[in-house]
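Trainee: Hi, do you have a few minutes to go through a structure with me? I have a handful of quick questions.
Mentor: Sure, put it up on the screen and ask away.

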Amino acid sequence: MHPFFIHVIFNHSILIAAVIGMFRFKYIISDFYPFLIFIWLGLFNDSLSLALILTHRSNAANSNIFVFLELAVVLWMFFTWNKEKLKVYICLAIIATGVWLADNFFINSISENNSLFRVFYSFLILFISIDNLNKLLFFENGRLTRNPKFIICLTFLFYYGFNAFIESFNIFHLGLSSNVLNTLWWMLSFVNLIANLLYALAVLWVPTKVKFILRY
Amino acid sequence: MGADESKIYIALLTGVCVQFILMTFFVVTILRYYRKRKALQLQKLKADFHFLDKEKERIAYDLHDDVGASLSAIKLRLQSLPATDEKSALVIQDSEGLIDEVMEKLKRISLNMMPRILEMLGLDEALKDFISILTYPTSIEVHYECSVEIDKDNSLHIYRIAQEVLHNIIKHSQATHIRFTITEIKNNILLHIKDNGIGFNPEAAMKNSGRGLRNIAARVGFLNAKLYLTSSPGTGADYKIEIPVSWKK
């Protein structure tokens with residue numbers, strides 16, 4: 001099989017989580033709606049990028065917009081989990097918007113693959129995930145391994161940690177050979193596959209709404 | 001150094017810095033949530049103790065005021081009964097004796113639950129009273145000294161700790177002598193209780209015992225104090241409880 005299609009399959013493995021999410025949407029608690037939107041948004045962008053590449057057009061602009069929307073949804077998700085931190089999330093959203101505008105309109109062009117915002121948002125998600133993981137470690141009473149919040153935060157650590165690492169190479173322009181870059185992209189694709197499978201697991205374990213039963 | 005090489009060094013240095021920041025953030029958030037959890041636990045403990053003490057107070061007052069008053073009324077009615085013969089006079093006398101005994105027991109239970117004297121005269125007097133009642137039927141000698149004044153809210157916790165320790169000693173230690181002092185040392189209030197009993201293994205006691213030691217540990221934790229318990233079979237027991245001076249009046 002052509003390596004490009006393996007990349008496509010790896011990236012589209014998000015479809016598993018998206019389909020499970022579609023079936024479970026009606027039954028799960030509203031805390032995880034942003035997470036489902038995050039998954040569907042990812043699937044939409046991957047499909048759009050594939051369509052653009054297949055028609056020999058650049059997927060840079062939509063990817064640049066996607067990462068911004070992705071961060072907005074992630075911030076919304078973390079806010080629904082930590083409603084007491086509204087001001088913090090508003091500040092982070094304002095700063096992120098500033099960085100995105102600077103990266104895509106002042107420093108670089110939106111039609112290029114820009115790494116500054118990608119590195120910034122990866123670190124931002126890393127920090128918030130660490131904070132939420134520690135909170136779960138101290139305050140969650142149930143089994144953490146079956147806790148969707150724990151799995152999502154852990155996956156974010158894993159995926160965005162690696163993403164920041166890869167995107168940093170673009171910022172520093174280290175002049176790496178195409179072989180090395182190719183290996184790095186393969187690794188990112190593989191990490192993406194693992195992350196997508198973990199997202200599917202998280203969607204499966206999202207708790208359902210509790211039915212209110214009036215007993216007579 | 002070539003331009004590419006310096007870029008690699010900058011990238012490495014940035015990577016190390018980022019790693020350091022991430023680790024620091026990780027540790028800081030862990031500590032922050034640890035403190036939050038500890039504060040919540042303390043708050044819960046405080047609420048539990050408050051509820052427990054209020055409930056004890058209510059039961060103690062009910063026992064003393066309701067049941068005690070009823071027993072006194074029964075005794076009065078018994079006394080008003082005409083003793084028709086020697087046998088009935090003896091039964092009335094026995095019954096009065098039994099009522100006195102029950103009233104004495106009731107007084108002890110009520111005092112154990114909530115000493116009114118603690119509210120009225122303070123910790124020192126309450127402890128003296130408690131010791132005299134606790135050791136009354138036994139031959140245990142208690143040497144008690146208190147040279148510190150402690151505020152009303154926290155004196156109840158200190159009283160409960162002392163109560164629990166002394167109860168443990170009387171119940172299990174077979175001691176003949178107890179030394180109990182409350183002093184102030186190095187910005188701490190030191191509760192020192194030592195007996196010459198049979199001693200025990202503190203670790204095993206903590207694992208196997210009922211609520212006694214656990215209650216002591218919980219109250220000690222609530223006061224942000226430190227408990228040092230030294231004991232081994234045959235050597236008696238030595239309880240040292242260091243309470244930070246902020247709890248003092």
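Trainee: Let's start with A:Asn82: buried or exposed?
Mentor: Keep in mind that this is a predicted model. In the model, A:Asn82 has a relative accessible area of 1%. That makes A:Asn82 buried, because the cut-off for buried is under 20%.

Trainee: And where in chain A does A:Asn82 lie?
Mentor: A:Asn82 is in a loop, the one between helix 4 (60-81) and helix 5 (86-107) of chain A.

Trainee: Which backbone oxygen lies 2.8 Å from a polar atom of the A:Asn82 side chain?
Mentor: That oxygen belongs to A:Phe78.

Trainee: Leaving aside neighbours within four places in sequence, what is A:Asn82 in contact with?
Mentor: With that restriction, A:Asn82 contacts A:Tyr89, A:Asn132 and A:Lys135.

Trainee: Okay, new topic. How many residues does each chain bring to the contact between chain B and chain A?
Mentor: Chain B brings 18 residues and chain A brings 13 residues. Of the area that chain B buries against chain A, 36% comes from B:Leu22, B:Phe25 and B:Tyr33, and no other three residues supply more.

Trainee: What is the area buried between the two chains?
Mentor: About 1600 Å² is buried between chain B and chain A, with carbon and sulfur atoms giving 75% of that area.

Trainee: How many salt bridges cross the interface?
Mentor: The rule finds one between chain B and chain A. Its partners are B:Arg32 and A:Asp131, whose closest N and O atoms are 2.7 Å apart. On the side of chain B that touches chain A, the residues divide into twelve nonpolar, two polar and four charged.

Trainee: Which residues are linked with A:Asp131 in a network of salt bridges?
Mentor: A:Lys85 and B:Arg32 are linked with A:Asp131 in that network.

Trainee: And how many residue pairs are in polar contact between chain B and chain A?
Mentor: Six residue pairs, counting those where both residues are at pLDDT 80 or more.

Trainee: Zooming out, how many salt bridges does the structure hold over all chains?
Mentor: Twelve over all chains. One of the salt bridges within chain B joins B:Asp48 to B:Lys44, with the closest N and O atoms 3.1 Å apart.

Trainee: Why can side chains of opposite charge pair?
Mentor: They can do so when their charged atoms come close. As for spacing along the chain, B:Asp48 and B:Lys44 are four residues apart in helix 1 (residues 3-80) of chain B, so about one helical turn separates them.

Trainee: How accessible are B:Asp48 and B:Lys44?
Mentor: B:Asp48 is partly exposed at 37% relative accessibility, and B:Lys44 is exposed at 53%.

Trainee: What about B:Arg58 and B:Asp62, what do their side chains meet in?
Mentor: A salt bridge, at 3.3 Å from N to O. B:Arg58 and B:Asp62 are four residues apart in helix 1 of chain B, so they too are separated by about one helical turn. B:Arg58 is partly exposed at 42%, and B:Asp62 is partly exposed at 34%.

Trainee: One last pair: where in chain B are B:Lys128 and B:Asp124?
Mentor: They are in helix 4 (residues 123-135) of chain B, four residues apart, which means about one helical turn lies between them. Their side chains meet in a salt bridge with an N to O distance of 3.6 Å. B:Lys128 is partly exposed at 39%, and B:Asp124 is partly exposed at 25%.

Trainee: Great, thanks for going through that with me!

Methods. Residues are numbered from 1 along each chain as its sequence is written. Chains are lettered from A and ligands numbered from 1 in the order in which they are written. This is a predicted model: local features need pLDDT of at least 70, side-chain atom pairs count only at pLDDT 80 or more; totals for chains, interfaces and linings use all residues. Side-chain values use heavy atoms; hydrogens and water are left out. Contact means heavy atoms within 4.5 Å. Buried area is the accessible area (1.4 Å probe) that two parts lose on being put together, summed over both. A salt bridge is a side-chain nitrogen of Lys or Arg within 4 Å of a carboxyl oxygen of Asp or Glu. A polar contact is a pair of N or O atoms within 3.5 Å; within protein, one must be able to donate a hydrogen and the other to accept it, and residues adjacent in sequence count only if both atoms are side-chain atoms. Ala, Val, Leu, Ile, Met, Phe, Trp, Tyr, Cys and Pro count as nonpolar, Asp, Glu, Lys and Arg as charged, and the others, Gly among them, as polar. Helices (H or I, at least four residues) and strands (E, at least two) are DSSP runs, numbered from the N terminus. Buried means under 20% relative accessible area, exposed over 50%, partly exposed in between (1.4 Å probe, protein chains only).
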